Amino acid sequence: MTSPSLASLGWTNAFLSQLDPDELSLVPTRISALHRARIDGLTAGGPVTLPLTGTQQAGELAIGDWLLSDGTRVIRRLERKTELGRRAAGTGNALQLIAANVDTLFIVTSCNADFNPARLERYLALSAEAGTEAVILLTKADTSAKAEDYRTRAEALSRNLTAIPLDARDPKVAQTLGQWCRDGQTVALLGTSGVGKTTLTNTLTGLAAPTGDIRESDARGRHTTTTRALYPMTGGGWLIDTPGMRALALIDAGGGIDAVFQDVTELLGNCRFRDCTHEAEPGCAVLEAIADGRLDEGRLRRWQKLKQEDLYHSETPAEARDRQRKFGKQVKTSLAVKSRFKR
Ligand SMILES: Nc1nc2c(ncn2[C@@H]2O[C@H](COP(=O)(O)OP(=O)(O)O)[C@@H](O)[C@H]2O)c(=O)[nH]1
Ligand SMILES: [Mg+2]
């Protein structure tokens, strides 16, 4: 088997330019599997296994990371283009990395009741936060007469967003997605159980991982039997599939929210009052947009909910106390306002 070129592995000038002149003889190595005390990697010269020494922690590395090695050990990790991560439980804001240097995140839902704007917006925010390009894949288009409606509804969830209805089992999917699934590109799939992620993985990689009913044992089995996580796609490029991808929680949306809700956020500066809550104030640009049909009220509520949750999950304990104090005041004021109106 011939070895892939560095470019095929996803190496670009963004990585090359990080090298000092005296590092040019080191071996660029992309992590394909992570173990407690070693990594498996891909290089232009073929697959390698490198030990992690005392100061190097597997926890600070991720599948898809680029490392420099001297052939026997890891010298250093290069800065990432994108970082997919989740907030680790009980550690404040610490990010637990799931995958690095993913170019495209395929957000997978189906042309049926799985389609949920609030969930998709969260995934889109997560993708924006990670720095990846998001594309929505609408599987099971073959079972729905409304596939085009789903496409329209999906593309309305963020600006410049592409949504693609498809049959995940169709071998032509590799061509349909050829713009993202090609030489040097790295993709990952995100979506709820049953939407067709494994089916798509099989279609794009030519592998035959079990789908559907045996899903659960499959997920568990993979956890223990193999930690390989970077799969070559038949049309070129790499698909990252790790158990961690399945653990990416919807609360991990982070700061990407505003990028997804640009249609809402660009209205905010036009409200008459700077502290407008967009509930009932006169001169509220957001409520005006809803009144004349430019903005969907459901979308405004979903944005408010996400922002609130994000605040809650990202603030320090001191910030939380401060927020609760302010909220208490707000409640008192609004109660006072209400009782004034009653009289
Ligand atoms: N008709 C149809 N069935 C699909 C499609 N995608 C997935 N399926 C079926 O849906 C079930 C769940 O798919 P699977 O890939 O295991 O979903 P996962 O849980 O996201 O990995 C399987 O029985 C698949 O054959 C599709 O586009 N069209
Ligand atoms: Mg699956």
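Two residues are in contact here if their C-beta atoms, placed from the backbone, lie within 7 Å. Keep that meaning in mind while the whole chain is on screen: among contacts between residues at least 6 apart in sequence, 64% join residues at least 24 apart. The model you have open is a predicted one, and its protein holds 12 helices and 13 strands. Of its 343 residues, 35% count as buried.

**First stop: the sheet of 6 strands**

Begin by selecting the strands β8 to β13, which form an open sheet with mixed pairing, in the order β10-β9-β8-β11-β13-β12. Follow that order to its two ends, where you will find β10 (162-165) and β12 (230-232), each with a single partner strand, so that one side of each is left without a neighbour in the sheet. If you turn the view to look along the sheet, note that neighbouring strands are turned by 30° against each other on average, direction ignored.

Within this sheet, select residues 186-190, which are strand β11, together with residues 238-240, which are strand β13; the two run parallel and are joined by 3 bridges. To see how they line up, pick Thr186, which stands opposite Trp238 in β13.

**Second stop: the helices across the sheet**

Now add residues 117-130, which make up helix α2; this helix lies across β8 (104-110), β9 (133-139) and β11, and runs at about 175° to β8. Helix α2 has 14 residues and reaches 20 Å from its first C-alpha to its last, close to the 20 Å expected at 1.5 Å a residue. How many of the residues of α2 are buried? The helix is mostly covered, with 11 of its 14 residues buried, and among them are Leu120, Tyr123, Leu124 and Leu126, as well as the charged residues Glu121, Arg122 and Glu129. Step just past the end of α2 to Gly131, which takes a positive phi of about 95°.

Next select residues 147-155, helix α3, which lies across β9 and β10 and runs at about 160° to β10.

**Third stop: the hairpin of β4 and β5**

Move to residues 66-69, strand β4, which is joined to β5 by 3 bridges, the two strands running antiparallel. In this hairpin 4 residues lie between the strands, and one to pick out is Gly71, which takes a positive phi near 105°.

Then centre the view on Val74, which is found in strand β5 (residues 74-77) and has Ser69 standing opposite. Why does Val74 count as buried? A residue is buried if 20 or more other C-beta atoms lie within 10 Å of its own, and Val74 counts as buried because it has 21 C-beta neighbours inside 10 Å. Leaving aside residues up to four places away in sequence, Val74 touches Leu50, Leu52, Gln56, Leu67 and Ser69. You can also draw a distance from Val74 to Thr53, which is 21 residues away in sequence and 8.2 Å away in space, C-alpha to C-alpha.

**Last stop: ligand 1**

Finish by selecting ligand 1 and the 18 residues around it, of which Gly196, Lys197, Thr198, Thr211 and Gly212 come nearest. Which helix gives the most to this shell? That is α5 (residues 197-205), with 3 residues. Coloured by residue class, the shell around ligand 1 divides into 2 nonpolar, 10 polar and 6 charged residues.

How values were computed: Residues are numbered from 1 along each chain as its sequence is written. Chains are lettered from A and ligands numbered from 1 in the order in which they are written. This is a predicted model: local features need pLDDT of at least 70, side-chain atom pairs count only at pLDDT 80 or more; totals for chains, interfaces and linings use all residues. A residue is near a molecule or strand if its C-beta atom, placed from the backbone, lies within 6 Å of it. A residue is buried if 20 or more other C-beta atoms lie within 10 Å of its own, exposed if 12 or fewer, and partly exposed in between; C-beta atoms are placed from the backbone. Two strands pair if DSSP finds at least two bridges between them. Axes are lines fitted to C-alpha atoms, for helices over the stretch in contact, and angles run from 0 to 180 degrees between N-to-C directions. The expected span of a helix is 1.5 Å times one less than its number of residues.
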